[in-house]
Amino acid sequence: MRSICWLLRSYSLLFFILILPSAVSAQQIVTEVPSEYEEPVVVWITPAEMRTSPLYKGRFSDTETALQLKHGNIVTVANEMISAFEASDWADNQDKKQKILNQLQRFMAAMKIALSTQGIDGVLDKKAEQNIFLQSLNSQDHGLNSLEIDVLFDANGQEVFGYFGETEDELLLYEYLEDGERVRLLLTRAQVREWRLLEDALTNLVLKQVELVRESNISELNNAVIRWENFLENGYSQMPWESTINGWLIDTPVCT
Amino acid sequence: MTKHTLFLLHGMGNHEDTQWADDVWNKLVECSSRYKHFKTKKALDEYAEPFPIEYDQFIRKALNRWDTQATSFGDFVESNDSSTQNSLHWLSGISAEDAGFKLSHLADVIVWRYFPLEYGQIRSNVQLEIFRQIRQKREQDANAKFSVMAHSLGTSVTHDSLAALGMATKIGDDVNTFSTDNFRFHSIHMLANVSRLLQTTPKAYESIVRPGSSRTKHRYCSRMYCHDHELDPFTKPRPFDPVTWGSGFNLTKLNHYRGWNIHGWLHYLDNPRVHIPLLKSIAKPSAISPALEIEAVNSYPRYGDDLENIDEAKSQISQLHALAQAIDQERDISENIDSLNDMWVAINTLKELAGDTWTTLEGSVS
């Protein structure tokens, strides 16, 4: 009996010596969540990272990237950033990295289809092209917010930040321990930095492709406001009964 | 750094100066200072900034327009005897005693709900104000975040404005870059939610103004929080209480009495169950730990400190409970108008009973 206990103790010791250190390094427990896990990229990115990170592409300001974008090679630029991410070592979190890659793969496939839709000719410098691009992305269940950070729930039902909620690739960045005070980091700081830099840059890249459409949307909303103002304030007088009757006769448009 | 933008949409009454928004934001800053993170590490102002949306001017303009043309809104209401479902016959025969409540407190609601032209103008302006700001900020930072806090009538204005725009696939001839496929609010906070009571199309329970993840279709926010005080008269008919909206939706029933105006925005906001989710949304989830949140909620006194007339106030609260029971939850505002009026009178009696200490949370926001 004593020898069995000794054996168990030895195995436990071996477990703590060999297994636990790597677990601790991968899933550090902290009392304060580091900035990278929750705050916007601009809060924690360093000037050096901003200029040199292959995942951030200097926010597309380096000469080579700018040239690629000038020629409409959005997918090439995005693929270069994703390749840099793929090449980094996520040894102890390979499964989580794979979740991200799954989603990126789907997103890039949708981008490629959108960019090859009839009516798009190279650079998306015309509003009509931007409309086709976005319409195609939307019809494939993707859009400008596909890679956005989510508020999700951890195992204890606490709100935490993560990605791809309600999909099989749901990815939490951290979780609370049962005491409701300490937090287990589910990705290392370096890993979170890499992914969030990439996600931020990709979102920015896609958003830039539809700037003309966004501008036009605002302009159309502005026109609607002017139309109402002309009708109600600069047009003919509206007594309450006129307003009521006219109101029920005129079908109020969906978003104007 | 681009701060998290918190859109504020006010409720009934006159909001022509910006004091209301200052009062709400200052209250939120005061609430944040109760927690260590905001006191010692990073103040709320460094995380987020308010963006007030005012639509009251359009209601005032309509009322003034009618008044100056010798056909006041009150006269119109009294003479309206249309038999359509949207008629205002339920407001006719206003007595001198309750004209104050019906016209001063409900005029805004009536203009919003029963006058489609003014409704269209308000909705259009609110959409422009919100989405112009979003576009400006997203130009500076593609990942800028936006949340909404609305109170009372503002919840209906928020719902209808966002629902109409978020579900449209096109704006004019162009793809809608603010549709649910392309944009999402971080969180939406509805205080004294009357969006179901005043619903038109789409109906509040069928709307895209509901929470979900970024990969779920037809969801306009990540998280949605609704807060309802047990004796708030305006939330009793057709209460907003969806049962199948998932874990991203949170409805809080409140029973605190820290000021006389239990419908007031500041009275709602004072409660940790209301301000903690909001603070975490616009700052970061870990700014207030779950343990600290539980402690703050549990230690929050139900009644205001040092009340002069607590026993009388409690008795009045019991009467309010009885009046609230008389409201038929399945009927709309027109069929409950007398019960609502009785409750409003009872709340004002509470004000008289409460003494000076109960006026602290009144502010300029009703």
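Here are some exercises with worked solutions on a predicted model, centred on chain B and its contact with chain A.

**Exercise 1. Getting to know chain B**

Work out how many helices and strands chain B has, and what share of its residues is buried.

*Solution.* Start with the secondary structure: chain B has 14 helices and eight strands. Next, look at burial. Chain B has 366 residues, and 64% of them are buried. Finally, check how the chain folds back on itself. Take the contacts in chain B with a separation of 6 or more: 78% of them come from residues 24 or more positions apart.

**Exercise 2. Hunting for disulfides**

Find out how many disulfides the structure holds, and explain what keeps B:Cys226 from pairing with B:Cys221.

*Solution.* Count first: over all chains, you get zero disulfides. Now try B:Cys31. Its nearest cysteine sulfur belongs to B:Cys226 and sits 19 Å away, and B:Cys31 is in no disulfide. Then move on to B:Cys226. The closest cysteine sulfur to this one is in B:Cys221, at 9.2 Å. A disulfide needs two sulfurs within 2.5 Å, so 9.2 Å is too far for a bond. As a last step, see where these cysteines sit: B:Cys31 is buried, with a relative accessible area of 0%, and B:Cys226 is buried too, at 1%.

**Exercise 3. Where the two chains meet**

Describe the contact between chains B and A: how many residues take part, and which helix or strand of chain B gives the most?

*Solution.* Begin with the head count: 68 residues of chain B and 75 residues of chain A take part. Together the chains bury about 6600 Å², with 54% of that from carbon and sulfur atoms. Three residues stand out on the chain B side: B:Leu117, B:Val175 and B:Arg215 supply 11% of the area that chain B buries here, more than any other three residues.

Now for the charged pairs. The interface has 10 salt bridges. In one salt bridge, the side chains of B:Lys41 and A:Glu32 come together at 3.0 Å, N to O. Polar contacts are next on the list, and there are 28 residue pairs of that kind between the chains.

Which parts of chain B do the touching? Several elements supply at least two residues each, including α4 (56-68), α9 (153-167) and β7 (221-229). The top contributor is α8(B), with 15 residues. Sorted by class, the chain B side has 24 nonpolar, 25 polar and 19 charged residues.

**Exercise 4. A helix tucked away**

Decide whether helix α11 of chain B is largely enclosed or largely open, and say why.

*Solution.* Helix α11 covers residues 272-282, and 10 of its 11 residues are buried, so the rest of the structure largely encloses it. Among the buried ones are B:Pro272, B:Ile276, B:Leu279 and B:Lys280. Then look at where the helix starts: a side-chain oxygen of B:Asn271 comes within 2.9 Å of the backbone nitrogen of B:Arg273.

**Exercise 5. Two loop residues**

Place B:Val243 and B:Arg331 in the chain, then class each as buried, partly exposed or exposed.

*Solution.* B:Val243 is in the loop between β7 and β8 (249-254). Its relative accessibility is 77%, so B:Val243 counts as exposed. The C-alpha of B:Val243 is 9.5 Å from that of B:Tyr205, 38 residues apart along the chain.

B:Arg331 is in the loop between α13 (310-325) and α14 (337-354). With 41% relative accessibility, B:Arg331 counts as partly exposed. From B:Arg331 to B:Trp265 the C-alpha distance is 25 Å, and the two are 66 residues apart in sequence.

Technical notes:
Residues numbered from 1 in each chain as written. Chains lettered and ligands numbered in written order. Predicted model: local features only at pLDDT ≥ 70, side-chain atom pairs only at ≥ 80, totals over all residues. Heavy atoms only, no water. Buried < 20%, exposed > 50% of the residue type's maximum accessible area, 1.4 Å probe, protein only. Contact = heavy atoms within 4.5 Å. Buried area = accessible area lost by both parts, 1.4 Å probe. Salt bridge = Lys/Arg side-chain N within 4 Å of Asp/Glu carboxyl O. Polar contact = N/O pair within 3.5 Å; in protein donor to acceptor, adjacent residues only side chain to side chain. Helix = DSSP H or I, 4+ residues; strand = E, 2+ residues; numbered from the N terminus. Nonpolar A, V, L, I, M, F, W, Y, C, P; charged D, E, K, R; others polar.
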